[in-house]
Amino acid sequence: MKIAVGPESIKELFETNNTVEVPNFQRNYVWQKENVEQLLKDAIAAGELGDTHFFGPIVLLKSGANFEVIDGQQRITTTVMALAILRDLLMEKRYFPASETTFVDDYKFLIRSHLFKTQADPKPKFRAGYLIRKMFDEGVLPVVDDRTMTLTK
């Protein structure tokens, strides 16, 4: 078996055409409010210091064109949910401050390529654990029109 170092950031993880999937043999998403709050507080604190947040090791198994999450499911799932909430808030307000162009460019990239299923490519970049997959497929990662970035019915 070949062991290789993979993506070094969440952005790198989702930049490829691969799907990151939590396989059915993994336990369900179990993080409580305290776990989520701590991850978000740590990420916010790092951002306020202009630093990166150490996300911790993630173990993935390359399976064909996809990755299966062996370790790190709770952190990845929480991060995707947090980004989806931020996506929804930004889209609702349509507010992208001109002074934050790097953030806006990075975030628009994440929105267009990772946090939606598009009509042209309805396959999501992230497949949650089997017990919450339906909620993710229908609510967290809705299908959008690629050109207008509006939700499709």
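A search of the whole structure, which is a predicted model, finds 3 salt bridges. One of these is formed by Glu 21 and Arg 133, with the closest N and O atoms 3.5 Å apart. Glu 21 belongs to strand S1 (residues 20-21) and Arg 133 to helix H5 (residues 133-140), so this pair ties together parts that are 112 residues apart in sequence. The two partners differ in their burial class: Glu 21 is partly exposed, with a relative accessible area of 23%, whereas Arg 133 is buried, with a relative accessible area of 13%. The value for Arg 133 falls under the 20% that bounds the buried class.

A further salt bridge is found between Lys 33 and Glu 37, where the closest N and O atoms are 3.8 Å apart. Both residues lie in helix H2, and their spacing of 4 residues is about one turn of the helix. Lys 33 counts as exposed, because its relative accessibility is 58% and the exposed class begins over 50%. Glu 37, at 34% relative accessibility, counts as partly exposed.

Arg 75 and Asp 71 form another salt bridge, and here the closest N and O atoms are 3.8 Å apart. Arg 75 is buried, with a relative accessible area of 15%, while Asp 71 counts as partly exposed at 39% relative accessibility. In general terms, side chains of opposite charge can pair when their charged atoms come close.

The chain contains 5 helices and 6 strands. From the N terminus on, these elements run in the order α-β-α-β-β-α-α-β-β-α-β. Helix H2, which holds the pair Lys 33 and Glu 37, covers residues 33-48 and has 16 residues. The distance from the first C-alpha of H2 to the last is 22 Å, close to the 22 Å expected at 1.5 Å a residue. Gly 50 follows H2 and has a positive phi, near 70 degrees.

Of the 153 residues in the chain, 34% are buried. The accessible surface of the chain amounts to about 9,900 Å², and carbon and sulfur atoms account for 56% of this area. Among the contacts in the chain with a separation of 6 or more, 67% come from residues 24 or more positions apart. Ser 9 and Phe 54 offer a case of separation in sequence set against distance in space: the two residues are 45 residues apart in sequence, and their C-alpha atoms are 9.2 Å apart. Ser 9 is located in the segment before helix H1 (10-15). With a relative accessibility of 31%, Ser 9 counts as partly exposed.

On the surface, Phe 25, Val 59, Leu 61 and Ile 70 make a nonpolar patch of about 360 Å². Ile 70, one of the residues of this patch, is found in strand S3, which spans residues 66-71. Ile 70 counts as partly exposed at 34% relative accessibility, and this value is over the 30% required of a residue in a patch. Strand S3 ends at residue 71, and Asp 71 is the acidic partner of Arg 75 in the salt bridge described above.

Methods: Residues numbered from 1 in each chain as written. Predicted model: local features only at pLDDT ≥ 70, side-chain atom pairs only at ≥ 80, totals over all residues. Heavy atoms only, no water. Patch = residues over 30% accessible without salt bridge, like charges linked within 9 Å, V, L, I, M, F, W, Y side chains within 5 Å. Areas by Shrake-Rupley, 256 points an atom, 1.4 Å probe, with all protein chains shown as cover. Salt bridge = Lys/Arg side-chain N within 4 Å of Asp/Glu carboxyl O. Helix = DSSP H or I, 4+ residues; strand = E, 2+ residues; numbered from the N terminus. Buried < 20%, exposed > 50% of the residue type's maximum accessible area, 1.4 Å probe, protein only. Expected span 1.5 Å × (residues − 1). Contact = heavy atoms within 4.5 Å.
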